[in-house]
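Work through the exercises below with the model open beside you. Try each task before reading its solution.

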Amino acid sequence: MEYLVHKGAALKRCQLHITGIVQGVGFRPFVYRYALEFQLTGTVLNSAKGVTIELQGTEENLTQFITTLNTTPPPLARIDNIIQTPLPILLSETTFEIIKSDSHEDDDPSSPIGAQVAVSADKSTCQDCLNDMHNPDDRHFDYAFTNCTNCGPRYTIINALPYDRHNTAMADFDMCPECAKAYQNPLDRRYHAQPVSCPVCGPRLSLKTPQGEYIIPNTSNVSTPELSTDLAILTAAADRLHQGQILAIKGLGGFHLVCDARNDKAVNKLRLRKQRQSKPLAVMMTDITMAQHYVTGTDAEWLVLSSQERPIVLMSSRPEHDLSLAVAPNLNKLGVFLPYTPLHHLLLGLFKGPLVATSANVSGEPIITDCDELISHLSHVVDAIVDHNRPIINGCDDSVVQVIQPNMDLPAEVQVLRLARGYAPLSFPLEIPLSQSILAVGAQQKNAIALGFGNNVFLSPHIGDLFSVSAEQYFERTLATFARLYHFAPNLIVRDKHPDYAPSRWAEMHSNSNVELSDTSQCLTVQHHHAHVLSVMAVNQYRDPVLGFSFDGTGLGNDGSLWGGEVLLTTLDKAQRLAHFEPIALLGGEQAIKQPVRLLLALLFEQMSLDAVIALNLPIICSMSPNTLTNLYKIWQNGSALKSSSVGRLFDALACALGLIETTQFEGQAGMAIEAAANRADAIALEAIKLNLPLDVDQWRSSEMFKQIVKLMTEKPLTDNRRDAIARAFLHTLGDAICDYAAQYKHLPTVLCGGVFQNKYLLEYCLGKLCAQGNKVLSSKQIPINDGGIALGQLWYGIHQNQ
């Protein structure tokens, strides 16, 4: 470092290059304020590579500044790395300045380094902005798009890095003098808040018919806030909701379908029009006080519900409330969330009640972000549309989480079921930099993509199930977004072993995509359940062997059969199958998943004759014709049906046997029903019910357990209490099998992954018992343990094969 004695003090000058979440989070004004406080001169600059600061001052003041930067960064910032470089003293410098962002890239776009800035996730409205909205003397009074550097949209409005207004959806909104003044003042909390606006110059609401005709138009930018029609539109929307209408409302990352959650006719009308028979619907509550009338929760659950991420939180519903029973039929949980945009706050303040707020999409497809697309696909569902004229550049659904806490002696953890708004894009720095860039394309269901380059890992927001052309187009748009943001051209692509998954097909035919690829790009495959375990290893940056329990619906195994109940001794490059559940015939293939009685029959045929099965007189079996039963038995006998070791299919079969479901109407339905039953079960009744799950060499004999289950169902009247106790015993038996096996491998960390472990009762039971018996368990942290985490596992595989 170069020193110079200046006015009696030794000066020092250095450059700090900072990477992480350092743009769109108030980082530069933070730097500016502390540079002034510590009497430093210099500059701060944004670029696609991060933030560059040049500082000059006394050594003591420089040290204090750097310490402050490291220990108390802005609330939404995350510093991954600081590189400090000495610079020559500039005698002529007398001020500290924020200089215009640098959008020029000196590096080749195909470089594995790429951009080093992590795009921030969208954040809910902060209290300061809410105060402004409620202050009649503030220009943001009742304004539906109020924000500052501490809140508001990020990912959903960004088109390119660096994160500056001309690179966002706000590019066409010219700031009024008041907003421009705040935007240009480093000491204002709206300094370089890219979506900053007010009723005079910002986005506006409109109310439309289902065909897109204006009921109340969005007025052009007006000279005074008093002329705004936004509040009139939201008042009209609240009135329509009170009348039982269904509205589509444009939010941050897409449209919601909204109706009065207490109005049984409205909720059932929404289900009928959207053809969503029984999948639970999320409910937006005005505030914590309202939520407490409908759900109960731990301190940790209330904290997560009110966090700035504002996810949908699955919580225990109160036994008595005035919500329509059609919101979450036959379940003891509700998915609740709080308003997270000014628009939602204003609407809920006017409506003064809970609202169903579910993603506006065609079943199984991505959330709709554009009004014309909504009109094209869902005009028959809605009675009116609340639209606005700020484009959504990148769609982003609502995050869904639950809080896991086996007992009060163990810390509570957030389990992310759908990684999206508030949490995603998710990024973290690598301990060891990569020599080339890698793309992982994820799974067929709950798809997300993952990128690795330089010292960075990124996991995209939830994309969805890729079973339609529009879903595959959304997948490609997300790929193109990340390629554009990070100047990303992968040298290596990693996909699932299943060749017919849409992402697998894309990986093999990537020349047709919008993603620019390196000339040297290669493609690797990794088995589905291996990737599940690797995803948890990745988020913990763990590289040594683990014992993985990978339980889900299905995935192509290494032997060509369908897996889904695997115990895997897992390393970075392979997964040894130590044990698994007994493969069961899927009688009729895909029909067995939709009609789980076929799964139940296959399990029983392993242990009983056709006549013995018929003699059980189980209602679900008695409802089938003799010809159908005979034909299914013949299919089972000749061994022509596909077989699967899936634990998810066992849940389907049990829920069917117990009369909790007849047909599978949505993924995870059986698991939800069994968990609800287990939570209702009387602990005393459980003591009288025991199940045995034999482990025969390397296979758990699930058919033997089901033989015991139907005996319990038929030897005594199947009361509600007995049904619930059987459901709980099933979960305990699975949990005991897991924990007993893990007890043999206490020298290895345990990983619990796959969609089955979204069952909160089962997961908490396992975690409590594993902890008590001395097993270390790797946490999934913010990574979904369902297929939403597969891409990260694929990436972890690619990183280490590559290295």
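**Exercise 1: a salt bridge between two helices**

At 27% relative accessibility, K769 counts as partly exposed. Buried means under 20% relative accessible area, exposed over 50%, and partly exposed in between (1.4 Å probe, protein chains only). The model is predicted: local features need pLDDT of at least 70, side-chain atom pairs count only at pLDDT 80 or more, and totals for chains, interfaces and linings use all residues. Residues are numbered from 1 along each chain as its sequence is written, and side-chain values use heavy atoms, with hydrogens and water left out.

Task: find which residue forms a salt bridge with K769.

Solution.
1. Apply the rule: a side-chain nitrogen of Lys or Arg within 4 Å of a carboxyl oxygen of Asp or Glu.
2. The partner is D736, with the closest N and O atoms 2.8 Å apart.
3. Place the pair: K769 sits in helix α24 (residues 760-772) and D736 in helix α23 (residues 720-742), 33 residues apart. Helices here are DSSP runs (H or I, at least four residues), and strands are E runs of at least two, numbered from the N terminus.
4. D736 is partly exposed, at 23%.

**Exercise 2: D260 and R262**

Task: decide whether D260 is buried or exposed.

Solution.
1. D260 has a relative accessible area of 7%, so D260 is buried.
2. Its side chain meets that of R262 in a salt bridge (3.4 Å, N to O).
3. R262 is partly exposed, at 30%.

**Exercise 3: helix α15**

Task: state how many residues of helix α15 (residues 597-605) are buried.

Solution.
1. Nine of the nine are buried, so the helix is largely enclosed by the rest of the structure.
2. Among them are V597, R598 and F605.
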